[in-house]
Amino acid sequence: MENLEKTYDPAKAEDRWYNYWMENNYFAPAEDPEGEMDTFSIVMPPPNITGQLHMGHALDNTLQDILTRWKRMHGYRALWLPGTDHASIATEVKVVDKLKSEGIEKDEVGREGFLEKAWEWKEEYGDQITNQLKKLGSSCDWSRERFTMDEGCSEAVKEVFIKLYEKELIYQGDYIVNWCPSCHTTLSDIEVEHEEKEGKFYHIKYPYKDREGFITVATTRPETMLGDTAIAVHPSDERYKDLIGEKVILPLMDREIEIIADEYVDSEFGTGMVKVTPAHDPNDFEIGRRHDLEVIKVIDEDANMSENAGKYAGLDRYECRKKVIEDLTELGLLIKTEDHVHNVGECYRCDTVIEPLVSKQWFVKMKPLAEPAIEAVKDGTIKFVPERFSKVYMNWMENIRDWCISRQLWWGHRIPVWYCNNCGEVIVAREEPDECPSCQSSNLKQDEDVLDTWFSSALWPFSTLGWPESTDDLRSFYPTDVLVTGRDIIFFWVARMIFMGLEFMDQEPFTDVYIHGLIRDSQGRKMSKSLGNGIDPLEIVEKYGADALRFTLITGNTPGNDMRFREERLEASRNFANKIWNASRFILMNMEDFELDQVEENDLKPTLADRWIESRLNTVANEIDEALENYNFGEMAGSLYDFIWNEFCDWYIELIKARLYQDEDPDAKLTAQYYGLTVLEKILRLLHPVMPFITEEIWQKLPGTDGSIMNSDWPEKTESDTDIVSEEKMQLIMNVIKSIRNIRNEMKVNPGKRIKALLSAGSKKAEILEEGREYIENLARIKNLTIEGENIDKPDKVSTAIVNEVEVILPLKGMIDLDKELKRLEKEIEDVEFEINRAKGKLNNEGFVNKAPEHLVEAEKKKLQEYKQKKEKLIQRLGELKD
RNA sequence: GUGGAUAUAGCUCAGCUGGUCAGAGCGCUACGUUGACAUCGUAGAAGUCAGUGGUUCGAAUCCACUUAUCCACACCA
């Protein structure tokens with residue numbers, strides 16, 4: 001048998017085992033030709049091909065891997081399907097930058113040339129992030145890896161577009177959209193982030209046309225006034241009622257515009273008069289539609305003023321603002337300028353201030369799709385964990401607006417629409433048509449735009465399984481079991497998968513949505529590139545090992561809540577791994593004369609400690625199952641940590657040492673070896689989903705194991721293994737040991753010295769103590785332990801304690817400090833009195849006695865009895881000492 | 001404005017459906033190299049569970065309000 005190194009070195013083990021799993025194709029779901037197995041499936045939220053692995057990915061994937069490995073060990077046909085997202089804008093930006101660094105402009109290479117470059121880029125960097133995921137130990141089935149722009153996914157996108165178009169759920173129209181002047185594309189509403197900014201509130205005079213005087217409007221964006229086509233007031237605003245229908249002259253442009261009435265206006269705000277610029281403000285656009293106003297576009301796609309802006313044409317929108325204010329001031333039309341805080345929409349990719357523009361775009365009509373999606377969550381078909389996120393989802397879904405899906409980019413799924421240059425026919429088709437079905441012209445042109453990246457991500461749970469083909473995978477694994485992701489993409493992605501899944505599969509894409517929190521830095525700040533406070537998971541893996549990282553990420557992790565990441569916690573996890581390593585090392589060191597397959601049931605003589613650890617193990621296995629069923633990853637980690645460190649290492653290993661280090665009783669030794677080994681082996685299995693590498697490394701070295709631990713069976717719960725009696729017995733024995741250790745420590749007894757001890761207890765407990773005699777002697781370092789009945793004569797110069805009605809007596813002749821001992825006893829009496837009063841208080845309370853459950857009242861009575869007895873003994877002891 | 005989260009030991013956080021729940025890790029104190037482990041062991045100190053009120057026989061746990069911090073959504077030009 002080989003001996004283990006003194007410390008565990010993850011670097012030596014991790015890649016080796018990952019390769020082993022890959023080579024043996026262990027990540028693929030089990031074969032199941034008869035279709036008898038239960039399935040479990042997760043689709044991985046596809047990371048962007050531009051992405052670098054960050055802590056969010058690490059957490060997300062750790063959680064998914066834990067669930068997958070756990071279910072796989074439970075005998076499920078488990079599939080965790082990985083893949084990547086083409087990330088339209090992000091990738092395009094990267095490729096443009098790369099070309100620029102080579103001195104090439106995007107337009108120079110043209111669409112085809114650019115796409116070629118983009119694919120090259122994808123080939124080169126696209127699998128970087130998936131390789132990083134492998135370092136974490138992710139057990140996803142790479143043979144099924146998908147990409148949102150691969151052939152199958154692209155087919156699915158086309159299919160969905162066409163079907164929705166045919167159902168009139170996709171339409172084209174001139175609407176106001178969010179335009180990013182830097183990325184040069186439209187954005188959906190949720191791709192716009194609002195940030196509070198200090199701005200100015202300009203009050204401007206607009207002179208009447210047909211009478212003396214002027215009206216005053218207030219605006220934060222004076223440059224847009226060049227495109228004003230009306231002034232709006234609230235219809236019931238008494239101040240302005242008479243002005244409705246009146247004309248004013250738009251300054252600087254000398255255009256006549258009318259004062260109109262619209263409910264939208266808030267009379268309380270500003271002057272109660274709103275300048276209406278339908279071309280550059282979403283609300284104004286709506287007003288414009290209601291009143292059939294002219295739409296004058298004064299700002300172009302580069303955020304420069306257009307020719308409609310008269311003499312301001314060509315200016316940047318901010319320069320123009322300055323100029324407009326200057327000119328207004330000169331004309332005496334600027335009344336005042338106030339400071340004003342307002343929200344400004346910015347592009348979520350590049351932070352450029354969004355310019356609302358009117359243009360022709362493709363939209364998805366949301367209402368009909370949203371309804372079933374709302375229903376599915378309402379009726380519990382889909383469950384959010386934690387529950388509160390369903391509110392967030394509902395709120396959004398119920399107020400949803402149509403989804404602008406066209407993007408003025410090249411990298412992405414090109415919209416499958418052709419226009420006839422001859423007759424203007426719009427042709428929606430899977431393949432490029434040869435001629436116009438209406439006029440037979442072959443002068444056709446495909447729509448220049450691509451689809452929003454999230455359009456294809458929305459299909460992910462079924463497009464990756466083969467849809468629109470009816471594949472085996474699709475039948476087996478759809479709907480998936482759970483989606484694990486962060487709360488930031490509930491709208492972008494989760495919501496959209498839900499309505500697309502319901503629409504095209506007639507079935508929800510997943511039953512549970514587990515939302516986890518953010519990993520923050522040690523000060524609680526978000527990790528971000530701009531702050532430079534991000535921590536690279538790969539560096540952590542290198543330093544502490546993937547297992548330690550994984551364990552750290554789930555300890556103390558509660559559903560939906562953020563957590564801070566501090567390096568000290570990694571040390572704790574690494575130490576934990578090392579602890580397991582050394583416990584295993586110990587077990588293996590004691591296996592020299594042991595042959596597992598030679599062990600006969602009859603040779604085994606399990607002791608109290610053996611029964612206890614088995615029972616505890618069984619309980620812990622239960623706890624872990626329960627925790628994982630409820631996505632309580634933190635509890636899982638806690639259970640494992642406590643059990644392995646505090647019970648298995650601190651107690652059980654110590655308890656079996658005596659049997660291992662002797663040769664007189666071969667059966668006793670064999671039994672200790674047997675239980676030590678088998679319990680360890682089960683522990684490794686329970687730990688495997690969280691710490692796959694170290695468990696495999698050790699498991700492979702254990703005698704009697706075969707294949708990979710990841711394919712071993714989960715230690716199933718069995719009623720017979722739970723042995724409450726043994727647990728209670730051990731509890732008593734451990735308490736006695738702790739109590740002796742406590743006294744020794746307080747009395748400064750040399751830790752190594754074996755001393756005498758006397759235990760006085762009732763016959764039932766004395767019997768238990770007798771059973772644990774060896775344990776007490778060895779673990780409390782006692783020689784000649786005496787166990788007697790109650791009310792015995794105590795020797796002089798002793799120190800005592802009372803625990804669970806057992807009196808612990810240590811004759812420490814010449815060792816004890818009388819004063820100290822007296823103080824110790826007095827303090828203990830105080831504590832007991834406090835408990836007595838508490839118990840008495842409860843029992844004197846009629847409400848408690850009458851209304852509380854019987855067993856609680858009984859327990860309280862029993863406690864009181866015990867405390868009273870304890871107090872008596874302590875006082876007696878105190879008296880003896882004082883004599 | 002609407003909705004939500006958080007507030008528990010010096011620090012970071014657990015505490016699920018109200019009754020040994022006042023806990024863990026780190027840190028701290030005192031001992032310790034006992035044949036797995038100093039990435040360790042044994043023992044210990046430490047909290048009016050943010051505040052106020054309520055429900056209850058009983059509340060860190062449920063309800064209301066208050067305070068503080070944070071987040072999402074919606075925005076008023």
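Mentor: Contact means heavy atoms within 4.5 Å. By that rule E828 touches T800, A801, I802, K870 and L874, not counting residues up to four places away in sequence. This is a predicted model, in which local features need pLDDT of at least 70, side-chain atom pairs count only at pLDDT 80 or more, and totals for chains, interfaces and linings use all residues. Residues are numbered from 1 along each chain as its sequence is written, chains are lettered from A and ligands numbered from 1 in the order in which they are written, and side-chain values use heavy atoms, with hydrogens and water left out.

Trainee: Why does E828 count as buried?

Mentor: Its relative accessibility is 16%. Buried means under 20% relative accessible area, exposed over 50%, and partly exposed in between (1.4 Å probe, protein chains only). Since 16% is under 20%, E828 is buried. E828 is found in helix 25 (residues 818–844); helices (H or I, at least four residues) and strands (E, at least two) are DSSP runs, numbered from the N terminus.

Trainee: What makes D254 exposed, and why does R781 count as partly exposed?

Mentor: D254 has a relative accessible area of 63%, which is over 50%, so D254 is exposed. R781 stands at 30%, between the two cut-offs, and therefore counts as partly exposed. D254 is found in the loop between strand 10 (247–250) and strand 11 (255–261), while R781 lies in the loop between helix 24 (773–779) and strand 27 (782–788).

Trainee: What is noted about the phi of D254?

Mentor: Its phi is positive, about 55°, although D254 is not a glycine. R781, also not a glycine, has a positive phi of about 50°. Most residues other than glycine have a negative phi, and most peptide bonds are trans. A cis peptide bond joins V385 and P386, with omega about -5°, and the bond from W467 to P468 is cis, with omega near 10°.

Trainee: How do you know that the largest nonpolar core lies between domain 2 and domain 3?

Mentor: A nonpolar core is a set of buried Ala, Val, Leu, Ile, Met, Phe, Trp, Tyr and Cys residues joined through side-chain atoms within 4.5 Å. The largest has 132 residues, of which L549 and F648 touch the most other members. Helix 19 (residues 633–660) gives the largest share of this core, 14 residues. Domain 2 (544–707) and domain 3 (723–815) both give residues to this core, so it lies between them; the domain bounds come from an automatic or database domain assignment. Twelve residues of domain 2 are in contact with 15 residues of domain 3.

Trainee: Which residues are closest to RNA strand B?

Mentor: F269, N283, N343, Y661 and K851 are the closest of the 57 residues that surround RNA strand B. A residue is near a strand if one of its heavy atoms lies within 4 Å of it. Helix 17 gives the most to this surface, with ten residues.

Trainee: What makes the pairing of Y661 with RNA strand B a polar contact?

Mentor: An N or O atom in the side chain of Y661 is 2.4 Å from a phosphate oxygen of RNA strand B. A polar contact is a pair of N or O atoms within 3.5 Å; within protein, one must be able to donate a hydrogen and the other to accept it, and residues adjacent in sequence count only if both atoms are side-chain atoms. As 2.4 Å is within 3.5 Å, the pair is a polar contact. A polar side-chain atom of E654 lies 3.1 Å from a base nitrogen of RNA strand B, also within the limit.
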